[in-house]
Amino acid sequence: MDATKQSIMRYLVRQGWKQQTSRDGALTRFVRAEDDGRPAVNIFFSTESAGDDADHAELAAALETIRQVYELTESGLRAMLVSLSFDKILATVPDDYLRHDSIELRAARSYLNGMKGVIAASATTVITGARSFRRTVKEAKEFADGCRFAHTFKGSFGLAIESPVGLNNQTLMPFAEPELPLGRKTLRRIAVGLESLKTAYAQDDLEPILSAPDGLNANMCNELVGIIEGTGIPRIELSFVLSPEWEPEAPLPAPFKIETRYRDILKDAAARLAKDDTEAEVSIFGRIVNLHAAGNPSDLMDDDADRVIQVNWDSPNLGMVKVSISLDPTRYLVAVEAHRQGQPITIQGKLRRKGRLWSLHDPGDLTVLSI
């Protein structure tokens, strides 16, 4: 069991055990008071490490005591401890869609790969703010890869995904809000997005999805469509279990069903979100790979000439794209010199896409960077 001393101690405190420290500071004792005629129970922890074997024996003794006190199975005890450091997404396949209490591996693989994509896409928007992107950022991929496929749960056929949030060790002033971990922000975006999808379908209107800035992005919509089409299961029921370490007063996200009937509205939302995101304000950086002046090359200051540069921009969301920018004479001359010297530039503006072509509109100051 992947339990730590800190997670066990945090669990005991939440269960009402009293914590005491020895006079020399070498030991910490947790005491469960007498209850209904049952004697008091003590669990001891060393303050300093006594070596791997001794530390392991100490944790094993504490876990066995807790398991006996609360009459838990090993899996039940693990679930209690994991509940502090992980949020969970629980997926249930109703009995109507099972065959001999099982589902095809194809369906299970499609669901798990799809949910991994949903998690990575949600984390990408948390990190970058973009609601449409060609590639998932590295940190989001690593986070999704670090989520865990947990034990199935009793009831119907169940699949559990654990999203790491860690223990809340932040020390804050009473008026300060804690900085939520990536895992909680990611799962909350999924829950908010699914709720907006349910509302949008009920109203036959995309606006609830589009107007939820902390909800679905285009990529999440596409991943959900992939789950619907790939699993072949008409309805998968989702519920969420959140760690009490973060936002303890916040209500749990409502249960949700991934259903075939949502496929078309998800596709429409994905297309709309991708279109809206192409007009975002961005700052591009890269080398000029092409210059074009339609006027007299001997008189670049001709105000009527069409002057365009193209910049190779390695966007964190879109990958490598070539962006065209129309410039006035002064900035065009600066660009010509930067191109001649092989120096990169940076410039801000509104990024737009038409087909496979990208352009920057309302460009700001062009800055040449030394290398």
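Analyst: A salt bridge here is a side-chain nitrogen of Lys or Arg within 4 Å of a carboxyl oxygen of Asp or Glu. By that rule, this structure, which is a predicted model, holds 18 salt bridges.

User: Thanks! What makes D87 and R184 a salt bridge?

Analyst: Their closest N and O atoms are 2.7 Å apart. The rule asks for a nitrogen and an oxygen within 4 Å, so the pair qualifies.

User: Where in the chain do D87 and R184 lie?

Analyst: D87 is in strand β4 (residues 86-93) and R184 is in helix α6 (residues 182-203). They are 97 residues apart, so the pair links distant parts of the chain.

User: Why is D87 called buried?

Analyst: Buried means under 20% relative accessible area, and D87 has 0%, so it counts as buried. Its partner R184 stands at 1%, so R184 counts as buried too.

User: Which residues are linked with D87 in a network of salt bridges?

Analyst: The network joins D87, R184, R188 and E247.

User: What about E229 and K267: what makes them a salt bridge?

Analyst: Their side chains meet at 3.3 Å, N to O, and the limit is 4 Å. E229 lies in helix α8 and K267 in helix α9 (residues 263-277), so this pair ties together parts that are 38 residues apart in sequence.

User: Why are E229 and K267 called partly exposed?

Analyst: That label covers values between the 20% limit for buried and the 50% limit for exposed. E229 has a relative accessible area of 43% and K267 has 41%, so each falls in between.

User: How do you know which label fits R106 and E104, buried or partly exposed?

Analyst: R106 has 39% relative accessibility, so it is partly exposed. E104 has 46%, so it is partly exposed as well. The side chains of R106 and E104 also meet in a salt bridge, 2.8 Å from N to O.

User: Back to helix α8: why is N219 called buried?

Analyst: N219 lies in helix α8 (residues 218-231). Its relative accessibility is 17%, which is under 20%, so N219 counts as buried. Leaving aside neighbours within four places in sequence, N219 is in contact with A121, S132 and F133.

User: Which residues touch the most other members of the largest nonpolar core?

Analyst: They are I89, Y111 and L266, in a core of 53 residues. The largest share of this core, nine residues, comes from helix α4 (residues 105-128). As for L266, its contacts beyond four places in sequence include L197, L216 and C221.

User: Let's turn to the sheet. Why are β1 and β3 said to stand at its edges?

Analyst: Three strands form an open, antiparallel sheet in the order β1-β2-β3. β1 (18-21) and β3 (41-46) each have a single partner strand, so one side of each is left without a neighbour in the sheet. Neighbouring strands are turned by 25° against each other on average, direction ignored.

User: How do you know that β2 and β3 pair? How many bridges join them?

Analyst: Pairing takes at least two bridges, and six join β2 (residues 27-32) to β3. In one example, R32 has V41 in β3 as its bridge partner.

User: Which helices lie against these strands?

Analyst: Helix α1 (residues 5-14) lies across β1, β2 and β3, running at about 150° to β3. Helix α2 (residues 52-69) packs on the sheet and touches β2 and β3, its direction making about 160° with that of β3.

Terms used:
Residues are numbered from 1 along each chain as its sequence is written. This is a predicted model: local features need pLDDT of at least 70, side-chain atom pairs count only at pLDDT 80 or more; totals for chains, interfaces and linings use all residues. Side-chain values use heavy atoms; hydrogens and water are left out. Helices (H or I, at least four residues) and strands (E, at least two) are DSSP runs, numbered from the N terminus. Buried means under 20% relative accessible area, exposed over 50%, partly exposed in between (1.4 Å probe, protein chains only). Contact means heavy atoms within 4.5 Å. Axes are lines fitted to C-alpha atoms, for helices over the stretch in contact, and angles run from 0 to 180 degrees between N-to-C directions. A nonpolar core is a set of buried Ala, Val, Leu, Ile, Met, Phe, Trp, Tyr and Cys residues joined through side-chain atoms within 4.5 Å.
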